[in-house]
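I opened my notebook to record what I looked up in this structure. My entries follow in the order I made them.

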Amino acid sequence: MRQFFLSAALWGAAAAALLVPGIAMGQSPVPPHDTGIPAGGYPLSLEEAATILEQNNNAMKISRSTVEAARARKQQLQATWYPSIGATGGYIHFSNEITADANMGELAQGILQDLAGNAAGLEQLLQQLLPQLQQVVAGLSSATLSVPLVGKNVTSVDAVALWPLITGGKRIYAGRIGNSLVESAGYLNTLTENGQRALMLNAYYTLKLALQVEQMQQENLQYIRKLQKNALRLKEEGFINKAEYLVVQVAADEASREYESTRQSTGVAAQALNAILGKELSGIIPQGSFFTLDSIPPISLISSRIMQYNPQLKILHAQGKILENKRKIAQSGYIPNFALFARQNLHSNNIPKNLLPRTIVGVAMQWDLFDGLAREKEIQAGRIEERQMEYTTDQAEKDLLTAALALRGNMEDASYNMKTLRKSIILAEELLREREKSFSEGMCTSTDVVAARTTLTKARTALDLAGWQYCTSLANLLALSADTGEFIRLHNTLNPTTAARQQETR
């Protein structure tokens, strides 16, 4: 938002640079002249400019792609609700085979003890055979039975599935973060669209002002040259001296220089508008005229709409929700996690089924009882970030209300100046007529005529500048409440000629 106000201020500085002292801004029709725009230039309405902007502006394209990226991120976070299925496999080589070894004597001795305990009717027989059996067991004590279990080379390919059942609320909070990301991206897109549209409106009206300045500069140049021609004739006839003629000649040279300067300024303004639109258009002629509202809305209503609709504040609120859910995820670390797992052997070599079953299903639990206070510190950091976001939001609200108050003040100043300047123009026109009449009768000097013309020029210039200030301030004010489309509607409503021309085109 600060970048938006900086750009708007730059447009204001560019427009003010066009309006140097002495520029003529008369509103009467003038003959066709070279304005640097081809004859029958391209009439560009605000609606068409907004359409071109939406289709070609790179900042808008980037913001729309940000929304798509946020939706993909949301779907990624929601993937934790579903089981994950993967495949594992590998080849293992052991330095020796894995076997099960047992001493034969120990096994035989165990068998004899089991037999004596389980054969109650054979005690006498066993006592008779015991010496012989003892000799056999003693002979087997040196023998070892070795049973191979796993060979040296083992291969296995398994399918493994893991499905989290209880995560302490992490998946719920992650889903909320995903929703906030999409919401924040949508508000960012709205902010970008309104910001770029407001910059387009500033550039559009700046070009309009530049064209009017250029046209009035040529009218002023034509007037001064005509005055110079008359002054030369009067000097030759002896009615004025050389000094009075030189005054007119200097004024003509100055008017010519200012006219050339404004032609360059018009080209810069047109190129600036093309840069924002993202499309090269030749001979742009902005349609309509500067307008004012019947009444300026009260600051209370403006502030209410900004608090309700401003996308920058909505982005901050969405980010606050993200920080809150991140803290809750950290707090869920106190709760154990449970997951259902399953394993299915697809292929194995040298791994007997009795040692490793082909199918395994179970439930696993993980519970971090102590992690070096990392969990507690993360929760503490989350609370601090939430407080910082609250401070940021509060400061943003104050900055926006200050900006709204300043823009509304600009509109009030421009409205008052326009009412005053209309009266001044009437008086300046009357003064110029009197000076022209007196000069033709030899009752005043050429200096008086040039001064009267300069006074009228300044009044007309100030009137158009006030109109530009009013319209651009209104556009920027509407951008604060994400309602720049309303400005286009007002422009068409308060410019009947433009609206009728658009209807004919359609």
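**Overall layout**

I began with the secondary structure and counted 13 helices and 8 strands in the chain. I keep in mind that this is a predicted model. The chain has 506 residues, and 39% of them are buried. I then checked contacts with a sequence separation of 6 or more. Residues 24 or more positions apart account for 88% of these. For the surface, I noted about 28100 Å² exposed by the chain. Carbon and sulfur atoms supply 57% of that area.

**The core**

Next I looked up the largest nonpolar core. It has 77 residues. I listed the residues with the most contacts inside it: L44, M200, Y205, L273, L277 and F487. Then I asked which helices each supply at least two residues of this core. I found helix 2 (46-56), helix 6 (170-236), helix 7 (242-277) and helix 8 (299-309). I also found helix 9 (311-331), helix 10 (374-440), helix 11 and helix 12. Helix 6 gives the largest share, 17 residues. As background, I noted that nonpolar side chains tend to be buried together in soluble globular proteins.

I picked L44 for a separate look. I left aside its neighbours within four places in sequence. L44 is then in contact with A49, I52, Y204, L273, L277 and L281. Its contacts also include I284, I285, P286 and Q287. Two of these names, L273 and L277, were already on my list for the core.

**Helix 11 and helix 12**

I turned to helix 11 (residues 446-480) and helix 12 (residues 484-493). Their axes come within 7 Å and cross at roughly 145 degrees. Which residues meet here? From helix 11 I wrote down C471, L474, A475, L478 and A479. From helix 12 I wrote down T484, E486, F487 and L490. By class, this contact has 7 nonpolar, 1 polar and 1 charged residues. F487 was also on my list for the core.

**The open sheet**

My last entry is on an open sheet of 4 strands. The order is 2-5-7-8, and the pairing is antiparallel. Which strands are at the edges? They are strand 2 (84-93) and strand 8 (359-366), each pairing on one side only. Neighbouring strands of this sheet are turned by 25 degrees against each other on average, direction ignored.

I followed strand 2 to its partner, strand 5 (residues 153-166). The two pair in the antiparallel sense over 10 bridges. I noted one bridge by name: A87 has A159 in strand 5 as its partner.

Notes:
Residues are numbered from 1 along each chain as its sequence is written. This is a predicted model: local features need pLDDT of at least 70, side-chain atom pairs count only at pLDDT 80 or more; totals for chains, interfaces and linings use all residues. Side-chain values use heavy atoms; hydrogens and water are left out. Axes are lines fitted to C-alpha atoms, for helices over the stretch in contact, and angles run from 0 to 180 degrees between N-to-C directions. Contact means heavy atoms within 4.5 Å. Ala, Val, Leu, Ile, Met, Phe, Trp, Tyr, Cys and Pro count as nonpolar, Asp, Glu, Lys and Arg as charged, and the others, Gly among them, as polar. Buried means under 20% relative accessible area, exposed over 50%, partly exposed in between (1.4 Å probe, protein chains only). Accessible areas come from the Shrake-Rupley method with a 1.4 Å probe; for residues, only the protein chains shown count as cover. A nonpolar core is a set of buried Ala, Val, Leu, Ile, Met, Phe, Trp, Tyr and Cys residues joined through side-chain atoms within 4.5 Å. Two strands pair if DSSP finds at least two bridges between them.
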